[in-house]
2 protein chains.
Amino acid sequence: MTLREVARETGLSPATVSRVLRDSGPVSAKTRNLVLSTVERLGYRPNSLAQGLRTGRSTAVALVVSDIEQGWHASLTKHLQVSLEEIGIDLILMNLGHELRRLDMVVERVQAMRLRGVILAASDRIPPKQVKRVVGNLDKEVLIASIGQRLDRYGIPSFVHSDTEAAEAAVEYLLQKGCSPVAFCSRIRTSTMGKERFQGYLNAIERAGLAIDENLVWDYSDTSFFRQAAGYKMLNDALDRGVKFKSVLAGSDEIALGAMAAVLDRGLRIPDDIAIIGFGGLDWGVSVRPRLTTLTSDLAGLSESVREFFLQQKNGAGGKPQMLTVFRRELALRASA
Amino acid sequence: MTLREVARETGLSPATVSRVLRDSGPVSAKTRNLVLSTVERLGYRPNSLAQGLRTGRSTAVALVVSDIEQGWHASLTKHLQVSLEEIGIDLILMNLGHELRRLDMVVERVQAMRLRGVILAASDRIPPKQVKRVVGNLDKEVLIASIGQRLDRYGIPSFVHSDTEAAEAAVEYLLQKGCSPVAFCSRIRTSTMGKERFQGYLNAIERAGLAIDENLVWDYSDTSFFRQAAGYKMLNDALDRGVKFKSVLAGSDEIALGAMAAVLDRGLRIPDDIAIIGFGGLDWGVSVRPRLTTLTSDLAGLSESVREFFLQQKNGAGGKPQMLTVFRRELALRASA
DNA sequence: GTGAAAGCGCTAACAC
DNA sequence: GTGTTAGCGCTTTCAC
């Protein structure tokens, strides 16, 4: 079933049928209806491969995540898929597995498939050199967007959460509740989000007139641990070293869960002995005991913005897109802090 | 940068260059090297849109999941993506959001994009009529595979876990530990996996000479709850109704987590008052307290088999593929049961 | 308002 | 072992 057959069936030319289908150029109402009904009747569906070849671009977009098994990424993926489907964009999922060198392979695939765009949702910090390589190796028409990581200074529209402020709010809350000293556990060096959150932590501590204690900052960038395991390990190590603290701000809900496990395994109480706050607002947070206090995300809002970005660029009416869009996190107070 | 340019640069014809690149037909070692080095030098990458248009098929495959936010699906997605990438298959992610009618849209997209295949990883039971519609609306060359749901009687190669046996083993373990009565909480009516597991539950109960008690079977198919929330709700309801039981076999780790929360909220102890076993073996199971006893999955093995299926079909050497491949689950004994 | 024709980049007969 | 040729299904000038 090709466009040619629809043309033959209607007695029109392929050009006219195409015009109707893409709504480009003038067509009489009569022809339009004829074409539309015939398309319907024959069950014709355009071949997107042919469309893509002819126009130079497919309509699909690559979604690059660091780790789809991480709740935040899975949730983001769901929301993006819903939002982008609305405007006819298919998602090609590419998982980096935290190996940044795979980003170059991703770029190759994007080029080979002539994709419409790439959404970078990598939590790992991408070094400037590599960002430039990505931008340089991609055709100019390939739309790039970054989620979670500010890449706006490279001309890449970035959609992020207010991580610094969120961390500040969390730490302030902990201090006010008397949970000082406050520790911070996250990937920091190798994660831009981690860095932003750490900055918020620093701000709040300093603003309270307290000193920064290196022993309270646990960056697991250089370990082979991830997610829950990292939280568990970092907390255990700190406890082993005899570090004194009354609360922990974790870089993700998963880290927080691991941290909770370590605390409970010592027979300590949450939040009485050690309070814990996570980052992300994943849905299982209300199902663990004690319930996890966390900083929520606005994935729905973020996905809508990304959709608007693609829509606007597609219509060409775009002009310069907004380079930075920031979404709010809220402190969801539950039982763990 | 097109194949034609590579041909011009080497002084060969497009056909020869194509032959080298696809390793089809005879080429002299000399020409082959020349082409390969020129391709390298020029940084030429084949346009997969053109390839797909010409050959009639793209190399990408659609992965259809019910709910990417569910741990099992996210984990499966990761493993599949790794396995399929090895043989040059890109994954287009399609999320049903538990709305089966979206399956028809999926089929349309698959057709429009001339995808190589579809992997159905839907936990929701697909009614026979709809399976037939899917098969009927898809071109004959589109490879179909089913994961988690047996669709082999429709001629669709299916990759599943030994759910019935796994449930039997879990229930037997519970009975032997004296945790009778055993309850079962899952989607049953609307989930094929749920049905298999339920069958295992029934088998074990009957084999032990016990009577099946309807009050101990909680099917939440007709509620609007999912995952943790469903487990929490079902358990709470049962407890409210005064149903007596000493253990619960849950249809997923998420359900188990919700169930644990409900039990703990009543001040009951796990596993002493109520023991709980999950399904899936997700990684966070070792991070909740008490640690979740669960039936593990073999996602790595499953993904490899799916890869072999696609590889075999690609090489045409295939012949009839194996219609049913079953993977073992193991009872991972931890603290919750 | 509609049609004819050219061609996107590639592959697969078919020649030689 | 290599080249020539003819499209895959669509869009887009350019005529009329």
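The legends below describe close-up views of a predicted model with chains A and B.

**View 1. Domains of chain A.** Chain A is divided into three parts: domain 1 covers 3-46, domain 2 covers 61-160 + 298-327, and domain 3 covers 163-295. Domain 2 of chain A is thus written as two segments, 61-160 and 298-327. Between domain 1 of chain A and domain 2 of chain A, the C-alpha centres are 35 Å apart.

**View 2. Buried residues of helix α2 in chain B.** Helix α2 of chain B spans residues 14-22, and B:T16, B:V17 and B:V20 in this helix are buried. These residues lie on the same side of α2(B), because the arc they cover around the axis is only 100°. An α-helix has 3.6 residues a turn, so residues three or four places apart point the same way. Among the elements that cover the buried residues of α2(B) are α1 (3-10) and α3 (29-42) of chain B.

**View 3. The residue after helix α2 in chain B.** B:D23 follows α2(B). The phi of B:D23 is positive, near 55°.

**View 4. The axis relating chains A and B.** A turn of 180° with a shift of 0.1 Å along the axis lays chain A on chain B, with an RMSD of 0.2 Å. This is the relation of a two-fold axis. Both copies use the same surface, since 100% of the contact residues of chain A recur in chain B.

**View 5. A:I92 at the rotation axis.** Among the residues of chain A, A:I92 comes closest to the rotation axis. The C-alpha of A:I92 is 2.2 Å from this axis.

Conventions: Residues numbered from 1 in each chain as written. Chains lettered and ligands numbered in written order. Predicted model: local features only at pLDDT ≥ 70, side-chain atom pairs only at ≥ 80, totals over all residues. Heavy atoms only, no water. Domains from an automatic or database assignment. Buried < 20%, exposed > 50% of the residue type's maximum accessible area, 1.4 Å probe, protein only. Helix = DSSP H or I, 4+ residues; strand = E, 2+ residues; numbered from the N terminus. Arc of directions from axis to C-beta. Contact = heavy atoms within 4.5 Å. Least-squares fit on C-alpha atoms with pLDDT ≥ 70 in both.
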